[in-house]
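User: I am new to this structure and would like to learn how to read its features one at a time. Could you take me through them, giving the general idea before each case?

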Amino acid sequence: MARSSGDVMRRVVPVAAALLFLAVLAVALRPASTVAPRQPPTPGEGIDEAELQGRRGALVDRVVFTREADVGRVTGLIEAGSHQVFTQGISSTTVFNRLRDSLHTAYDLAYGTASELTLNPAGPELATGELNPFHVPAIREALNRLIDRRYIAEEIFGGLAVPRYLPLSTAFPDYARLADEARELELHYAHDPEAARDVIHREMEALGARFAGGRWWYRDAPVRLIALIRTEDERRRIGDYIANLMEDLGFAVERRYRTAEEASRLWIASDPRAGHWHFYTGSWITIVILRDQAEGFSFYYTPRGRAEPLWQAYRPVPEFDELADRLERRDYRTWVERQAMMTRALELAMEDSVRVWLVDQLNASARAANVAVAVDLAGGLSGSALWPYTLRYTDRVGGQMVFGTPNLLTEPWNPVAGSNWASDRMIMRATEDPMVIPDPFTGLYLPQRIEGAEVTVEAGVPVGRTLDWLSVESAEEIRVPEAAWIDWDGDAGRFVTVGEKHPEGVTARTRTRVAYEEALFERRWHDGSTLSLADFILPWILTFERADEGSRLFDVAHLATFEAFQRHFRGWHIVSRDPLVVEVYSDQIYPDAETIVAARAPAPIPWHTLALGILAEGSDELAFSSNKADQRRVDWMSLVAGPSVPILERQLRRARERGIRPYPAALGELLDAEEVAARYRALADWYAERGHFWVGNGPFELHSVHPVAGSVVLRRFAEFPDPADKWLRFSRPAIPELDLDGPLVVEVGEAAAFHLAVTFDGEPYAAEDIEQVQFLLFDGRGELARRGEAEALDDGLWRLALSAETVAALGAGANSLELAVTSRRVALPVFASHVFATVPAGGREGAP
Amino acid sequence: MSDSQRIPPPRRALWRDLRHLLAYTVKRLLALLLTVLVSVYLTIVIANMGGRVDELRLVQIRSEAAEAVRADPAFLDMPGEERHALIERRVSLEVERLRLDQPFLLRSVDYLQRAMRLELGRAEQMHSDRGSREVYDIIVERLPATLLLFGSANLLVFFTSVFVALTLSRRYGSALDRGVIALAPTSAAPGWFYGIFLILVFAFVIPLLPAGGMVAAPPPEGRWEYAASVLRHMLLPLAAMFLSSIFVSIYSWRTFFLIHSSEDYVEMARAKGLPSHLIERRYILRPTLSPIVTSFLLMLIGLWSGAIILEQVFNWPGLGSLLFRAIGHRDTPVIIGAVVIFAYLLAATVFLLDILYALLDPRVRLEGGRR
């Protein structure tokens with residue numbers, strides 16, 4: 001019997017669908033021929049030295065950035081071999097534990113986030129008529145002893161935090177420089193809930209409150225505290241912990257759980273006297289190592305910090321206020337004076353305690369076990385300047401690495417006012433070769449493209465240097481040469497000299513003479529063109545042009561920054577063109593001479609890509625900055641993707657046809673027709689091959705950009721001049737490991753000696769790399785009996801001797817010896833302690 | 001007067017029908033426009049919390065400006081008063097840019113009139129992945145990825161469930177039928193929930209498929225390799241969406257077809273001994289075509305919203321995650337842009353359905369029209 005077409009279809013459709021499904025499955029599951037089979041990573045045996053010989057630039061051939069926001073998958077993806085590195089810092093203890101327990105992963109730790117308790121200082125009565133105990137400094141100060149920071153660090157943060165007492169990050173140089181004073185304060189404010197309770201009871205009664213039935217009462221109503229608790233992270237548990245402590249003390253606590261946005265309306269925007277909150281679980285982030293934290297006192301404790309109502313409610317004692325102000329203005333003559341001021345300010349900050357510092361959080365950067373990379377102690381991997389120079393497999397040279405990053409191409413990229421997001425900046429850094437590079441463990445700048453520098457400062461200005469690649473001198477007066485450029489004449493398109501603008505002459509507080517490396521102008525940009533002086537000068541012209549109201553490049557958003565720059569800029573002067581030597585005059589001071597050079601040394605941007613941007617903004621098609629783009633209703637310029645690219649391509653064609661030289665009056669003599677043509681030709685070839693205009697000179701070049709698919713590919717720049725192992729010594733922070741040994745019992749009248757072994761990776765720590773080993777000796781009553789320094793016996797071995805008189809002065813009892821070791825190789829100080837007993841003469845018998 | 005005299009001549013009847021149709025069309029379009037207007041304005045008000053978002057934004061702008069100035073070493077030695085003045089200048093620039101100096105009511109009306117004209121404008125905070133600030137670019141850039149994944153999944157679910165449901169409705173009470181009914185509650189779990197398990201099994205335990213993304217990183221250069229890579233990346237999210245909705249979808253269509261299979265006219269057709277495929281096509285599918293088409297079209301425009309969590313789980317660059325980000329940034333123009341396009345699509349679909357009903361079902365006629 002013949003079947004109807006419907007019956008046939010009914011049988012054919014499912015079979016066809018099944019076949020189609022199988023075909024799709026086969027195609028989908030077929031491994032891509034270009035991708036190497038994935039293997040879980042294992043720690044490598046080490047790179048063969050022969051492989052390193054002759055290798056220039058990066059140690060891997062290709063780096064692929066791909067979007068991955070879920071930190072929960074980090075370990076799994078590394079184990080599966082699909083990713084090798086993650087840029088996002090991990091602060092979740094669950095994720096961290098899994099990362100730590102895996103055999104195929106490794107991690108690096110970074111500091112930079114601090115948790116604290118912000119207290120409302122208004123009062124003593126608030127607008128609601130309620131009592132605010134935190135108006136009283138003594139009660140605020142007592143909280144330091146009430147809170148167990150070790151509990152917060154170890155239980156709430158699961159070990160991903162370290163206790164912090166002071167307004168100094170425990171990982172930054174100021175803390176190391178003041179290690180002994182800091183230690184003394186930390187011991188003074190150590191966890192002592194009984195002492196805290198006594199102070200709070202005394203002060204509450206002085207305020208007119210009464211304690212009855214286990215509760216505090218004020219005007220016949222319970223004393224209520226409003227806890228503003230952030231909910232996004234571990235601060236929720238911190239808030240609960242502190243609320244519990246306050247309830248145990250007899251306060252009624254109302255817990256208000258809020259997100260950042262909701263909380264900010266209350267603690268920042270509202271008047272603290274309105275009584276919307278009493279304490280808030282705050283947090284502060286720093287993404288670079290701050291070598292000078294002196295301004296922190298003004299910011300955190302005085303009305304000068306911010307204009308908001310909370311800061312205006314701060315009432316520091318006059319001594320503290322003056323010290324904070326002087327430290328912020330760097331109003332001191334010598335370093336010793338500065339340290340003394342810092343020490344006193346720390347003491348006063350603890351007595352003031354409008355903020356109670358709790359912990360410094362640690363963020364883990366995840367990587368495969370066979371990957372090594374330099375990670376910044378503050379900024380983590382995404383803040384590391386050295387990552388492109390140190391990234392490598394530990395068992396081979398070359399290869400590809402896949403990075404997971406939470407954000408990619410967050411905002412448009414351009415070299416003038418483009419994206420400043422950490423994730424974007426991290427990729428950009430790989431394509432740039434800076435003049436100086438910060439040490440990821442100390443924050444001190446090291447030379448990359450400069451031979452050396454001379455810093456001259458006005459007499460009495462406290463500037464010091466640590467490294468020997470630069471020198472520091474002082475002079476009674478620093479006169480700026482008449483020929484130095486100090487301004488820009490937009491109409492004439494040329495620089496204005498000091499002699500023209502200030503015939504009477506100009507002086508400056510600093511002169512920074514930077515000598516660039518001899519082969520600077522042999523270096524190449526990624527598109528093959530050679531660096532020239534115009535690459536250094538055009539960015540300077542742009543700084544002035546963008547602040548000139550008569551210019552088509554004028555940008556109101558740039559004006560404030562420019563005015564701040566002009567406040568201290570006193571001119572710059574090209575001393576020699578080849579080799580390039582530049583002098584920059586300024587009134588701005590940093591305590592470290594290395595930082596002054598970093599801030600002053602002009603850096604190049606390829607003039608030919610910048611010229612396209614100038615043409616596009618000048619013709620009102622694009623804008624360098626977001627603000628101007630919105631004002632002019634045009635696109636924010638991106639050199640890598642989007643609607644900007646065809647516009648820039650059109651400008652390139654135009655520039656090439658007409659041989660356009662930007663600012664010919666200023667740059668004309670530097671740019672001959674041949675260079676102009678060669679640059680545009682190289683850029684056109686680059687664009688034809690890569691499809692973008694991002695040209696740099698770093699160890700990696702931007703190979704391709706895939707915005708919607710969410711990936712960016714970097715490829716090793718084969719012509720990078722430096723040996724591949726130039727920066728490898730910075731792969732791991734050399735944090736000293738301490739082993740303090742000494743007698744447990746000392747008889748009064750005897751001398752005592754203690755030995756400290758300082759190692760790193762099992763090897764003795766070079767004595768020259770140790771800045772100092774300080775000790776604090778506390779007697780049985782917990783009072784400081786002596787402070788001093790240990791002496792070096794050999795590399796990795798230090799001795800600390802206590803004379804018989806010192807031991808006798810301790811009297812009988814249990815004593816504590818605290819050591820603080822500060823290294824020149826890492827900002828993080830390390831501590832060790834030893835407890836020993838002093839017994840009367842002859843009392844050792846029977847003692848261990 | 002006889003009946004034949006009361007029936008107007010064909011030409012007049014046509015004009016009358018056209019008049020009715022025009023009046024109906026105008027009324028429907030006005031009603032739909034009003035609906036779009038109200039829904040978009042409600043979105044504007046809700047997205048801005050009746051203007052309270054301005055307050056939150058001001059605090060955020062001030063904090064960001066203060067932190068930016070503080071973090072910039074160039075301003076490190078600036079006296080406090082000057083630094084505050086600098087922060088204020090930056091705040092006022094941003095306030096001006098976002099027009100926060102204008103009353104919310106005024107801005108809301110402006111947002112509305114632009115939205116109604118489909119003038120999507122510029123985003124306030126966000127950019128498209130390629131770097132454009134035009135809301136149109138931001139949305140359109142994500143559209144292909146959404147259409148690809150959700151279109152494939154929904155079409156697959158729709159046609160499979162209708163086909164299987166029709167088969168099951170013929171085998172009511174069979175083991176397969178009972179099995180599908182038993183599995184229907186599995187659809188209580190959303191797609192992303194299945195997604196997590198599928199990723200765990202097929203990306204980590206047995207690493208056969210990628211854990212997320214739309215294409216390999218870096219994307220393959222050849223067209224076919226690219227397509228194969230996209231297919232590989234689609235499999236898991238597709239499977240997750242399929243698993244989460246297929247059984248309940250089959251169950252509901254099966255019930256729907258069962259109800260219609262027991263109509264008197266179907267019983268009559270069976271009694272007449274018509275072949276089953278003829279009964280299916282003419283007596284079941286044809287009368288039920290209107291709800292099927294409605295469901296299909298609503299499913300199609302439902303693609304517009306994507307699926308926020310599923311896209312997050314699979315790292316899929318679709319419209320759902322875009323909208324999620326826009327809400328997070330409180331980027332009103334992007335939120336309004338997505339909503340107004342959806343509202344217009346919905347209105348157009350509803351209007352189209354009105355027309356389609358009349359074409360598909362002879363029983364549907366305009367009120368007052370010829371019966």
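Analyst: Let us begin with the idea of a contact: two residues are in contact if their C-beta atoms, placed from the backbone, lie within 7 Å. Please keep in mind throughout that this is a predicted model.

User: With that idea in hand, which residues is Thr410(A) in contact with, leaving aside its neighbours within four places in sequence?

Analyst: Once those neighbours are set aside, Thr410(A) is in contact with Ser419(A), Trp421(A), Ser423(A) and Asp424(A). For one of these, Trp421(A), which is 11 residues apart from Thr410(A) along the chain, the C-alpha atoms of the two are separated by 7.0 Å.

User: Where is the place of Thr410(A) in chain A, and how is its exposure decided?

Analyst: Thr410(A) sits in the loop that runs between strand S14 (400-405) and helix H17 (422-431) of chain A. For exposure, one counts the other C-beta atoms within 10 Å, where 20 or more make a residue buried and 12 or fewer make it exposed. Thr410(A) has 18 such atoms, so it is partly exposed.

User: How do I read the sign of a phi angle, and what is phi at Arg330(B)?

Analyst: The thing to look for is a positive value in a residue other than glycine, and Arg330(B) is such a case, with phi near 50°. Arg330(B) lies in the loop between helix H14 (319-329) and helix H15 (332-360) of chain B, and it is partly exposed, with 19 other C-beta atoms within 10 Å. In chain A, Arg330(A), which is not a glycine either, has a positive phi of about 55°. Arg330(A) is placed in the loop between helix H14 (318-329) and helix H15 (335-352) of chain A, and with 18 other C-beta atoms within 10 Å it is partly exposed.

User: Which residues does a cis peptide bond join in chain B, and where is Pro218(B) found?

Analyst: Here the angle to read is omega, and the cis bond in question joins Ala217(B) and Pro218(B), with omega about -5°. Pro218(B) belongs to the loop between H8 and H9 of chain B. Chain A offers a further case, in which the peptide bond from Asp578(A) to Pro579(A) is cis, with omega near 0°, and Pro579(A) falls in the loop between strand S24 (569-576) and strand S25 (581-586).

User: You mentioned H8 of chain B, so how should I read a helix, and where is the kink in H8(B) centred?

Analyst: A useful start is to set the reach of a helix beside the span expected for it. Helix H8 (residues 191-205) of chain B has 15 residues and reaches 20 Å from its first C-alpha to its last, close to the expected 21 Å. H8(B) nevertheless has a kink of about 25°, centred on Leu198(B), and Leu198(B) is also one of the buried residues of the helix, along with Gly191(B), Tyr194(B), Gly195(B), Ile199(B) and Ala203(B). These buried residues pack against helix H9 (223-261) and helix H13 (308-313) of chain B, and also against helix H3 (74-80) of chain A.

User: How many residues of each chain are in contact where chain A meets chain B?

Analyst: The contact involves 63 residues of chain A and 53 residues of chain B. Sorted by class, the side of chain A that touches chain B has 30 nonpolar, 17 polar and 16 charged residues.

User: How do I judge whether a whole chain is compact or spread out?

Analyst: The general approach is to compare the radius of gyration with the value that the globule rule gives for the chain's length. The secondary structure of chain A comes to 27 helices and 39 strands. The radius of gyration of chain A is 31 Å, close to the 29 Å given by the rule for 848 residues, so chain A is as compact as a globular protein of that length. Chain B has 15 helices and zero strands. Its radius of gyration, 28 Å, is well over the 21 Å given by the rule for 371 residues, so chain B is more spread out than a compact globule. As for burial, 50% of the residues of chain A count as buried, while for chain B the figure is 34%.

How values were computed. Residues are numbered from 1 along each chain as its sequence is written. Chains are lettered from A and ligands numbered from 1 in the order in which they are written. This is a predicted model: local features need pLDDT of at least 70, side-chain atom pairs count only at pLDDT 80 or more; totals for chains, interfaces and linings use all residues. Helices (H or I, at least four residues) and strands (E, at least two) are DSSP runs, numbered from the N terminus. The expected span of a helix is 1.5 Å times one less than its number of residues. The bend at a residue is the angle between axes fitted to the seven residues ending there and the seven starting there. The radius of gyration is taken over C-alpha atoms; the globule rule is 2.2 Å times the number of residues to the power 0.38. Ala, Val, Leu, Ile, Met, Phe, Trp, Tyr, Cys and Pro count as nonpolar, Asp, Glu, Lys and Arg as charged, and the others, Gly among them, as polar.
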